[in-house]
Amino acid sequence: MAGLIERMALTLNYDPHSGLIYRGGKVAGGDKGNGYIRVRFEGKRYAAHRIAWALFYGAWPDGEIDHINRNRSDNRIDNLRVTTREQNM
C-alpha cells in the first residue's frame with residue numbers, strides 16, 4: 001500500500017486545515033449520498049478521510065477513522081482519529 005500512497009501524493013494534495021483534497025488545483029471527490037466524501041483514484045473510489053490520513057501521516061490508518069465532530073464530510077486532520085469498529089459505533 002505504500003506505493004499507492006506515494007502515487008497519490010504525486011497527484012493529490014491534502015490541506016489539513018480545510019480537510020479538502022485537491023487534484024490539479026480543483027477540489028477532488030464528492031458526497032455520494034451518505035455524507036462521506038469519496039475520491040476516485042486509478043479507477044477506484046476511496047474514502048477521502050482515509051486518503052487524508054494516508055497523505056498526512058504517510059501510512060494507511062490501522063483501524064477505522066472516526067470523525068470526532070460526527071460530520072462525515074469534515075476531513076480536517078484535527079477531526080480525524082483511528083478507532084476500532086466498536087468505538088466508532
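**Close-up views of the predicted model**

**View 1. Arg70 is exposed, at a relative accessible area of 52%.** Exposed means over 50% relative accessible area, buried under 20% and partly exposed in between, computed with a 1.4 Å probe on protein chains only. This is a predicted model, in which local features need pLDDT of at least 70 and side-chain atom pairs count only at pLDDT 80 or more, while totals for chains, interfaces and linings use all residues. Residues are numbered from 1 along each chain as its sequence is written, and side-chain values use heavy atoms, with hydrogens and water left out. Arg70 belongs to the loop between strand S7 (64-67) and strand S8 (80-83), and although this residue is not a glycine, its phi is positive, at about 70°. Helices (H or I, at least four residues) and strands (E, at least two) are DSSP runs, numbered from the N terminus.

**View 2. Asn75 is a buried residue within the loop between S7 and S8.** Its relative accessible area is 2%. With neighbours within four places in sequence set aside, Asn75 is in contact (heavy atoms within 4.5 Å) with Tyr14, Gly19, Ile37, Ala48, His49, Ala52, His67 and Leu80.

**View 3. An open sheet of three strands follows the order S4-S5-S6, with antiparallel pairing.** Strand S4 (30-31) and S6 are the edge strands, each with a single partner strand, so one side of each is left without a neighbour in the sheet. Two strands pair if DSSP finds at least two bridges between them; S4 and S5 are joined by two bridges, with Gly30 partnered by Arg38 in S5. Helix H2 (residues 48-57) packs on this sheet, where it touches S5 and S6, and its direction makes about 75° with that of S6. Such angles run from 0 to 180 degrees between N-to-C directions, the axes being lines fitted to C-alpha atoms, for helices over the stretch in contact.

**View 4. S5 and S6 form a hairpin with two residues between them.** The two strands run antiparallel and are joined by four bridges, and Val39 stands opposite Tyr46 in S6. Glu42 sits in the loop between strand S5 (37-41) and strand S6 (44-47) and has a positive phi of about 50° although it is not a glycine.

**View 5. A second view of sheet pairing shows an open, antiparallel sheet of three strands in the order S1-S2-S3.** S1 and strand S3 (26-27) are the edge strands, each pairing on one side only. Strand S2 (residues 21-23) pairs with S3 in the antiparallel sense over two bridges, and the bridge partner of Arg23 in S3 is Lys26. H2 packs on this sheet, touching S1 and S2, with its direction at about 85° to that of S1.

**View 6. The largest nonpolar core holds 20 residues, of which Met8, Leu12, Ile21, Val39, Tyr46, Ile51 and Trp60 touch the most other members.** A nonpolar core is a set of buried Ala, Val, Leu, Ile, Met, Phe, Trp, Tyr and Cys residues joined through side-chain atoms within 4.5 Å. The elements that give two or more residues to this core are helix H1 (2-11), strand S1 (12-14), S5 and H2, and the largest share, five residues, comes from H2. Apart from neighbours within four places in sequence, Met8 is in contact with Phe41, Tyr46, Ile51, Leu55 and Trp60.

**View 7. Arg50 is found in helix H2 and counts as partly exposed, at 28% relative accessibility.** In the same helix, Ala48, His49, Ile51, Ala52, Trp53 and Ala54 are buried. Leaving aside neighbours within four places in sequence, Arg50 is in contact with Trp60, Pro61, Gly63, Glu64 and Ile65; the C-alpha atoms of Arg50 and Ile65 are 7.0 Å apart, for a sequence separation of 15 residues. Gly58, which follows H2, has a positive phi near 80°.

**View 8. The structure holds four salt bridges.** A salt bridge is a side-chain nitrogen of Lys or Arg within 4 Å of a carboxyl oxygen of Asp or Glu. Arg7 and Glu42 form one such pair (2.8 Å, N to O); Arg7 lies in helix H1 and Glu42 in the loop between S5 and S6, so the pair ties together parts that are 35 residues apart in sequence. Asp66 and Arg81 also meet in a salt bridge (2.8 Å, N to O), which links distant parts of the chain, since Asp66 is in strand S7 and Arg81 in strand S8, 15 residues apart. Asp66 counts as buried at 1% relative accessibility, whereas Arg81 counts as partly exposed at 40%. The side chains of Arg76 and Asp74 meet at 2.7 Å, N to O, with Asp74 buried at 11% relative accessibility. Salt bridges that share partners join Asp66, Arg70 and Arg81 into one network.
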